Amino acid sequence: MTLHFAKAAELLIPSLFHGFGVVIQATVLGFLLATILGMIIAIGRLSTIKIVRGILYLYLELIRGTPLLVQLVYIYYVVPLLLNLIASMFGFKTNIQIASVTAGILGLGINYGCYMSEVVRAAILSIDKGQTEAALVLGFGKYEALFRIVMPQALRSIIPSLGNYLVMMVKDTSLLAYVAVNELLLRTQNFASQTFLTIESYTFLAIAYLVISIPLSYFVKFIEYRLKDK
Amino acid sequence: MFRLVNLEKKFGNLEVLKSISMFIDYGEVVCIIGPSGSGKSTFLRCLNLLEIPTSGRIYYSGAILDPDLDCKKLRREVGMVFQKFNLFPMFNVLKNITYAPMRINKMKEEDAKELAMDLLAKVGLADKANEYPSKLSGGQQQRVAIARALAMKPKMLLFDEPTSALDPELVGDVLEVMKQLATEGMTMAVVTHEMGFAREVADRVIFMDKGYIVEEGTPEKIFSNPENQRTKEFLARVI
């Protein structure tokens, strides 16, 4: 058996370049969604309203207790069916579908949002209560104290952890192949099954992920270092 | 200015304040002394509703306080200085002072800065305006904290052990600033272990123990001629 890296490179690498675009799109939007959800959940879980805390706790257990891959499949295949079913119960005939990239972004955002909420929550709790009190005694409200005084300090301390989640998310975009997102893994699978260049194709795929994740993790380390400096 | 009637505060089953009744007049400097755990700080924190009393009434400027309604308004008029300073570490000294007047009193930036510089001059730190709190000594941080409280133009200041976290040689500068405020007529309630300060500056001294006000009176009476046995014992230990 001879290996044909040159041939595989010529045909697969341009395709992988297109796949990069999809990976970046899914990561950026998924991460944005995850950050927003993470903050909302974190703040909600620190709420004084018991029912809000209870609902969010249940939600977290639900999301963290199921695999990301299952969630992606659920959002892509099941949620549209459920929506159509509910609509039909009200006498509407609908054909709701979720685009595969949209499902992927939603899945990544919802899943990572839960894990990030714990990081945000811990960071908020780690800020000395005196900071909140100092803002309160100056006449600021509870939420002003949280958003203007506590959150900026908390966010600084979580930037390194958020960076690690970002690197993880880049790699987890490979799961989107299972909901028909034409990202790196799906492109490679298709190519390998057509050409039987299995060794070459998946080697290039692995390298493609390293090309993104190694520089990204060094960038995260650099940011961490800069923050420590101050 | 303040009148408290039968104030009580419980944390779970722990009764921290038991039937506190007292008053504070405009322009008065009241020092609250007593052993640790006697409820002094909790008492002070009830005055600006950082702690919500379990029962009892607080009258402020003649009207009864409703903790749900009056928090923000009250706190804008009654400033507080903490034991641990609690300056905002991400802001420089100037912004620590101008932040609340600009955000809450909608003061213009140049006016707020001018006010802040005046206050910094008053506490002897005009040259530190652009430093960050972490670069200052404890005594300097506490003086900035006093300036920050003064920037809201409060009618009264609460001091919660303002010198307890300071190195001994830094205590004097802070007490000096507080003395000056007292002579300018600021209404002050000061929880302190600085008996010298209480004796010299206070109009009235309150001795608290185990959640009760055990004895109160002029500094001369409390320090030279205390009536209560517990007051005597406490003073014998600290002086």
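**Cysteines.** I began with B:Cys31 and found this residue buried, its relative accessible area being 0%. I am working from a predicted model, and I keep that in mind for each entry below. I then asked which cysteine sulfur is closest to the sulfur of B:Cys31, and how far away it is. The closest one belongs to B:Cys46 and lies 19 Å away, which is too far for a bond; a disulfide would need the two sulfur atoms within 2.5 Å. Turning to chain A, I looked up A:Cys114 and noted that this residue is buried as well, with a relative accessible area of 0%. Over all chains I recorded zero disulfides.

**Helix pair in chain A.** Next I took up helix α4 (residues 100–126) and helix α6 (residues 142–172) of chain A, and asked at what angle they pack. The angle is about 140°, and the axes run 9 Å apart. α4(A) and α6(A) are therefore oblique to each other, because angles count as roughly antiparallel only over 145 degrees. I noted the crossing of α4(A) past α6(A) as right-handed. On the side of α4(A), I listed A:Leu108, A:Tyr112, A:Tyr115, A:Met116, A:Val119, A:Val120, A:Ala123 and A:Ile124 as making the contact. From α6(A) the contributing residues include A:Leu146, A:Val150, A:Met151, A:Ala154, A:Ile158, A:Leu162, A:Tyr165 and A:Met168, and among them are also A:Ser157, A:Ser161 and A:Asp172. Sorting the residues of this contact by character, I got 17 nonpolar, two polar and one charged.

**B:Met117.** In chain B I looked up B:Met117, which sits in helix α4 (residues 109–122) of that chain. Is this residue buried or exposed? B:Met117 falls in between and is partly exposed, with a relative accessible area of 31%. Leaving out residues up to four places away in sequence, I found B:Met117 touching B:Leu94, B:Ala126 and B:Ala129. I also checked B:Met117 against B:Lys128: the two are 11 residues apart in sequence, and their C-alpha atoms are 9.8 Å apart in space.

**B:Gln140.** My last entry concerns B:Gln140, which I placed in helix α5 (residues 138–150) of chain B. Its relative accessibility is 17%, so B:Gln140 counts as buried, the cut-off being under 20%. Which residues does B:Gln140 contact, once its neighbours within four places in sequence are set aside? I found B:Leu125 and B:Lys128. B:Lys128 thus appears in two of my entries, as a contact of B:Gln140 and as the residue whose C-alpha lies 9.8 Å from that of B:Met117.

Terms used. Residues are numbered from 1 along each chain as its sequence is written. Chains are lettered from A and ligands numbered from 1 in the order in which they are written. This is a predicted model: local features need pLDDT of at least 70, side-chain atom pairs count only at pLDDT 80 or more; totals for chains, interfaces and linings use all residues. Side-chain values use heavy atoms; hydrogens and water are left out. Buried means under 20% relative accessible area, exposed over 50%, partly exposed in between (1.4 Å probe, protein chains only). Axes are lines fitted to C-alpha atoms, for helices over the stretch in contact, and angles run from 0 to 180 degrees between N-to-C directions. Helices (H or I, at least four residues) and strands (E, at least two) are DSSP runs, numbered from the N terminus. Angles under 35 degrees count as roughly parallel, over 145 as roughly antiparallel, 65 to 115 as roughly perpendicular and the rest as oblique. A crossing is left-handed if the near helix is turned anticlockwise from the far one by less than a right angle, and right-handed if clockwise. Contact means heavy atoms within 4.5 Å. Ala, Val, Leu, Ile, Met, Phe, Trp, Tyr, Cys and Pro count as nonpolar, Asp, Glu, Lys and Arg as charged, and the others, Gly among them, as polar.
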